[in-house]
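Here are some exercises to work through with the chain open beside you. Try each task before you read its solution.

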Amino acid sequence: MLWSKTLIPTLKEDPADAEVISHKLLVRAGFIKQVSRGVYDYFPLALRVIRKIEQIVREEMNRAGAQELLMPISAPAELWQESGRWEMYGKELLRFKDRNERDFCLGPTHEEIVTDLVRRSVRSYRELPFNLYQIQTKFRDEPRPRFGLMRGREFIMKDAYSFHTDVEDCRREYDNMVQTYKRIFTRCGLSFRPVEADTGAIGGNQSHEFQVLAESGEDAIVSCNTCDYAANVEKAEVRAARPAGRDIAEESPQLEKVSTPGKKSVAEVAEYLKLPVERFIKTLVFKTDSGEFVAALVRGDHEINDLKLRAVLGAREIALADEASVAAAAGAMPGFLGPIGLKLRMIADLSVHGMRAAVTGANEADAHFIQVDQERDFTPSAFADLRLAVSGDPCPRCDSGTLETHRGIEVGQVFYLGTKYSVAMGATYLDAEGRERPIEMGCYGIGISRLVAAAIEQNHDANGIIWPFSLAPFQVLLLPINYKDKAIREAADKLYQELQQNGVEVLLDDRDERPGVKFKDADLVGIPLRVTLGAKGLEKGCIELRSRRDSKTEEIPVADSVTKIRAVLTQALQA
């Protein structure tokens, strides 16, 4: 392909609204342009990258035994109402009415449509199992679309759904998809970790996310420095440790109320009392979707994990109560709340169990208790793992490891759904005895367009993108210094034709631009190999071959150039 005939609108400056490097570089390098918030045009170079990713996904999904199909992007409300997600999914589900005033939505995911498809098609256990997948545009009405392709409203996704007669076979396919995803992301040239994850709005009772490791990632993940345990911080388990204060005197000193005028936060009170924050017990009041107010207790240096608390409470939704509600329900203002004498149901984190010499609010303005002994002074309704895991926590899976924190970009997720959708929507099969049974289901998604951004977050430098060979829009960029020069043009055109005839994906920069502009654009666009043709080199019968990743250059004979370039590509693609 010729650069002059390709729409590659490169820019010199970063777009004003871009916050992360992938967004900046995709716009500057002429890959995408915003149409509206969270919605983008994909220019030719971007589409070539997307097609590369799709091809890898198709090859590995087909290898794993899945079958490709295509479902509609819109769905009637009735299907979502059957599953119970019409209201539960929230405002991210874009709803609309057709001309007959019937309710529809744009699919953010396709569990309902595919379950309906299968219940109308499958009758017997002999027709199971199978795995169906599609690559299709989705729409989620994100409240804060940001970071370019990493958090858009409209995006391209591979979603797959498997159907089984029993739990054992469904878990077999779950493991099959985990291995398939590992192959996909490895072929994409990415550094990633599969981590345990919350099932969120999709549902089910088991899930793993595939996180591309990057400092710009939205997700916090933890992993053990000894074993294979890794989890999204929202899902990460926390093993109970020895309570703070256990090594002090066996009999606790008498409870004492102290004045803390105007000091509300743990940090403020800790500084005022000259005590470490891990001696504090925070009391936070949450309101559940049933209207109940519940106090959650956590050590002062820890944070409540809303997902864990919601699960312990058996609530669909929880929210931190506002000041007025807290005052009405608990009789004290936030900042001075404490568990002693509190007339609310209390759930305490495991780290609170057995704490001594602790500090809590005194349930009155400008006052706190010190020398609090949990076992002596208050008894929660229950103890549970309520907090977010942090670096240094003991691993919940092995005895010797500790957790380390990382940032990640979620690019894929697998779910064991069980019968969540099949029971709700009546997707059943007849077993060998003729009995009707619900179908076991799994669900497996990959963010195709998000992978484009994730790859750049891991592969870039100060000058632009550095595409992995497997994803690059072109494998080779031919850069003649002066394309108007007859000798240079003829050499460039000849090499261009020979590379194409040998199956090499090549872009020829035939523009009438200064060499500096061409070199800057070459680095910005990030094609892995650059072949520079100049007058001095051609006089010696040589051209320059440069690697975008490590900037290594070498002169190679023009006569051997195709063989050399093909050898470099073969080695890179097999690595």
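**Exercise 1. Which residues of α1 are buried?**

Before the solution, a word on the source. This is a predicted model, in which local features need pLDDT of at least 70, side-chain atom pairs count only at pLDDT 80 or more, and totals for chains, interfaces and linings use all residues. Residues are numbered from 1 along each chain as its sequence is written, and side-chain values use heavy atoms, with hydrogens and water left out.

Step 1. Settle the terms. Helices (H or I, at least four residues) and strands (E, at least two) are DSSP runs, numbered from the N terminus. Buried means under 20% relative accessible area, exposed means over 50%, and partly exposed lies in between (1.4 Å probe, protein chains only).

Step 2. Go through the helix. The buried residues in α1 are Ser 22, His 23, Leu 25, Leu 26, Val 27 and Arg 28.

Step 3. Draw the conclusion. Because six of the eight residues of α1 are buried, the helix is largely enclosed by the rest of the structure.

Step 4. Find the surroundings. The buried residues of α1 pack against β1 (32–36), β2 (39–42), α12, β25, β26 (464–465) and α14 (515–525); contact here means heavy atoms within 4.5 Å.

Step 5. Look just past the helix. Gly 30 follows α1 and has a positive phi, near 75°.

**Exercise 2. Work out how α1 and α12 are oriented to each other, and what their contact is made of.**

Step 1. Take the angle. The axes of α1 (residues 21–28) and α12 (residues 448–458) come within 8 Å and cross at roughly 105°. Axes are lines fitted to C-alpha atoms, for helices over the stretch in contact, and angles run from 0 to 180 degrees between N-to-C directions.

Step 2. Classify it. Under 35 degrees counts as roughly parallel, over 145 as roughly antiparallel, 65 to 115 as roughly perpendicular, and the rest as oblique. α1 and α12 are therefore roughly perpendicular to each other.

Step 3. List the contact. α1 contributes Ile 21, Ser 22, Leu 25 and Leu 26, while α12 contributes Val 452, Ala 453, Ile 456 and Glu 457.

**Exercise 3. Trace the five-strand open sheet and find its edges.**

Step 1. Write down the order. The strands run β16-β14-β15-β17-β20, with mixed pairing. Two strands pair if DSSP finds at least two bridges between them.

Step 2. Mark the edges. β16 (318–320) and β20 (382–384) each have a single partner strand, so one side of each is left without a neighbour in the sheet.

Step 3. Follow the pairs. β14 and β16 run antiparallel, joined by three bridges, with Thr 288 partnered by Ile 318 in β16. β14 and β15 are also antiparallel, over seven bridges, and Val 285 has Ala 295 in β15 as its bridge partner. β15 (residues 293–299) and β17 (residues 345–349) pair in the parallel sense over four bridges; here Ala 295 has Met 346 of β17 as bridge partner.

Step 4. Check the turn. The hairpin of β14 and β15 has four residues between the strands, and Gly 291 takes a positive phi near 95° there.

Step 5. Consider burial. Six of the eight residues of β14 are buried, so β14 is largely enclosed by the rest of the structure.

**Exercise 4. Compare the burial of the partners in two salt bridges.**

Step 1. Apply the rule. A salt bridge is a side-chain nitrogen of Lys or Arg within 4 Å of a carboxyl oxygen of Asp or Glu. By this rule the count comes to 48.

Step 2. Take Glu 60 and Arg 187, whose side chains meet at 3.0 Å, N to O. Glu 60 lies in α2 (residues 44–63) and Arg 187 in α6 (residues 167–187), so the pair ties together parts that are 127 residues apart in sequence. Glu 60 is buried at 4% relative accessible area, whereas Arg 187 is partly exposed at 34%.

Step 3. Widen the view. Glu 59, Glu 60, Arg 63, Arg 183 and Arg 187 are linked in a network of salt bridges.

Step 4. Take Arg 548 and Asp 461, which meet at 2.8 Å, N to O. Arg 548 lies in the loop between β30 (542–547) and β31 (553–557) and Asp 461 in β25 (residues 460–461), so the pair ties together parts 87 residues apart in sequence. Arg 548 is buried, at 3%, and Asp 461 is partly exposed, at 27%.
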